[in-house]
2 protein chains.
Amino acid sequence: MPLRLADAPSWLLSRAHLRAQRLLSDGFAEHDLRPAHYRALAALAEGGLSQAELGRRLMLDRKDVTLAVDHLAERGLVDRSADPADRRRNVVTLTDAGRALLPRLEHTLESVQREVLAPLTEEEARTLTHLLRRLAPADEAAGVTGPRPRGRSRS
Amino acid sequence: MPLRLADAPSWLLSRAHLRAQRLLSDGFAEHDLRPAHYRALAALAEGGLSQAELGRRLMLDRKDVTLAVDHLAERGLVDRSADPADRRRNVVTLTDAGRALLPRLEHTLESVQREVLAPLTEEEARTLTHLLRRLAPADEAAGVTGPRPRGRSRS
DNA sequence: CTCCTATCATTGGGACTACCAACGATAGGT
DNA sequence: ACCTATCGTTGGTAGTCCCAATGATAGGAG
């Protein structure tokens, strides 16, 4: 009896992920933000960071950090300024507007999590969270890991 | 205490999904196929299907079905022919080569599932599978559901 | 101090997934 | 005969993840 695709964890993960991402994206879209933007704001809540450091914490490529900070800065949610101590760096800090927005975003996040987990009881949700955490890849930061082969013959 | 992102199911799903997808893509890449191609072959194993029907079962957009069938047909794994009973349709069927390849792909799939679930015990894996299944969106087929708002203001 | 190497932010680009829209061909009902 | 729906194809968009090259800067070795 071959493994049925509908039972394969990779497929189930894919479906569940897609659903969660949609809900999350829709939720943050009201604020003209995407999930990565929220993650950046949340990471900055405890203090300014260089873009490179931000990228490491969020597992985002440097390029994508640049774009995310562009987006947030344009909306006045963060401030980007040269680090006087190391002029290669940009120090990104939350503005007051950014700090004020965070609670609302957190509310959105929690609401989405509830919706995602709605089919489960509270205990099941805890179990799921626990199990998923153990599946997570052991912190390989983006932009730091070696290259992955890309590009397949496209005929 | 705000929900920490690292604990949010949506984030954990995202990480786990990414890991599983990478492993699966890498596994099928040896056969010059991607996960969707395997899914198509598996769906066809029990009989020919029209592309539209294939799309519904795989939750793939019609366009992506066309491309997938192109890919598979070029490699001689499926046969695409006009349906004599309804000339709008293409009936897609497995070729002998396609049928012969399936067991190898299934082996790859199972091997990847084992690797994805490696951090868990067998019972935990069963629990996870069970919980994930309940999170899955109630079969909304791709290309059939209504439009989702797209496109956000871009700077 | 000079040179070498590493890191930083930026820019440009590629691959893949998930969508949508428009088209012409065909079916099927009225 | 007409209207509507479906089929496959083509072309395009958005978002995510990743790599490479560039120019500025830092920091250490000599």
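pLDDT is the predictor's confidence in each residue, from 0 to 100. The exercises below concern a predicted model.

**Exercise 1.** Find where pLDDT stays under 50 in chain A, and set this beside the confidence of the helices.

*Solution.* Start with the whole chain: the mean pLDDT of chain A is 86, and 85% of its residues reach 70 or more. Next, look for stretches under 50. One covers residues 140-147 of chain A, where the model has 11 contacts beyond four places in sequence. Another covers residues 151-155 of chain A, with five such contacts. Finally, turn to the elements: in chain A the lowest mean belongs to H6(A), at 92, and the highest to helix H4 (residues 62-74), at 95.

**Exercise 2.** Describe the make-up of chain A, from its elements to its contacts.

*Solution.* Count the elements: chain A contains six helices and three strands. Then put them in sequence order, which gives α-α-β-α-α-β-β-α-α for chain A. For burial, 33% of the 155 residues in chain A are buried. For contacts, take those in chain A between residues at least 6 apart in sequence; 54% of these join residues at least 24 apart.

**Exercise 3.** Follow H1(A): state its span, then what its buried residues pack against.

*Solution.* H1(A) has 21 residues, and the distance from its first C-alpha to its last is 29 Å, close to the 30 Å expected at 1.5 Å a residue. Its buried residues include Trp11(A), Leu12(A), Leu13(A), His17(A), Leu24(A) and Phe28(A). Within chain A, the buried residues of H1(A) pack against H2 and H5. In chain B, they pack against helix H1 (9-29), helix H5 (96-116) and helix H6 (122-135).

**Exercise 4.** Work out which elements of chain A touch chain B, and which class of residue they meet it with.

*Solution.* The contact joins 45 residues of chain A to 46 residues of chain B. Two or more residues on the chain A side come from each of helix H1 (9-29), helix H2 (35-44), helix H5 (96-116) and helix H6 (122-135). H1(A) gives the most, with 13 residues. Sorted by class, the side of chain A that touches chain B has 24 nonpolar, nine polar and 12 charged residues.

**Exercise 5.** What turn and shift lay chain A on chain B?

*Solution.* A turn of 180° and a shift of 0.0 Å along the axis lay chain A on chain B with an RMSD of 0.1 Å. The two copies are therefore related as by a two-fold rotation axis. Both copies use the same surface, as 100% of the contact residues of chain A recur in chain B.

Key
Residues are numbered from 1 along each chain as its sequence is written. Chains are lettered from A and ligands numbered from 1 in the order in which they are written. This is a predicted model: local features need pLDDT of at least 70, side-chain atom pairs count only at pLDDT 80 or more; totals for chains, interfaces and linings use all residues. Two residues are in contact if their C-beta atoms, placed from the backbone, lie within 7 Å. Helices (H or I, at least four residues) and strands (E, at least two) are DSSP runs, numbered from the N terminus. Ala, Val, Leu, Ile, Met, Phe, Trp, Tyr, Cys and Pro count as nonpolar, Asp, Glu, Lys and Arg as charged, and the others, Gly among them, as polar. A residue is buried if 20 or more other C-beta atoms lie within 10 Å of its own, exposed if 12 or fewer, and partly exposed in between; C-beta atoms are placed from the backbone. The expected span of a helix is 1.5 Å times one less than its number of residues. Copies are superposed by least squares on the C-alpha atoms of residues with pLDDT of at least 70 in both.
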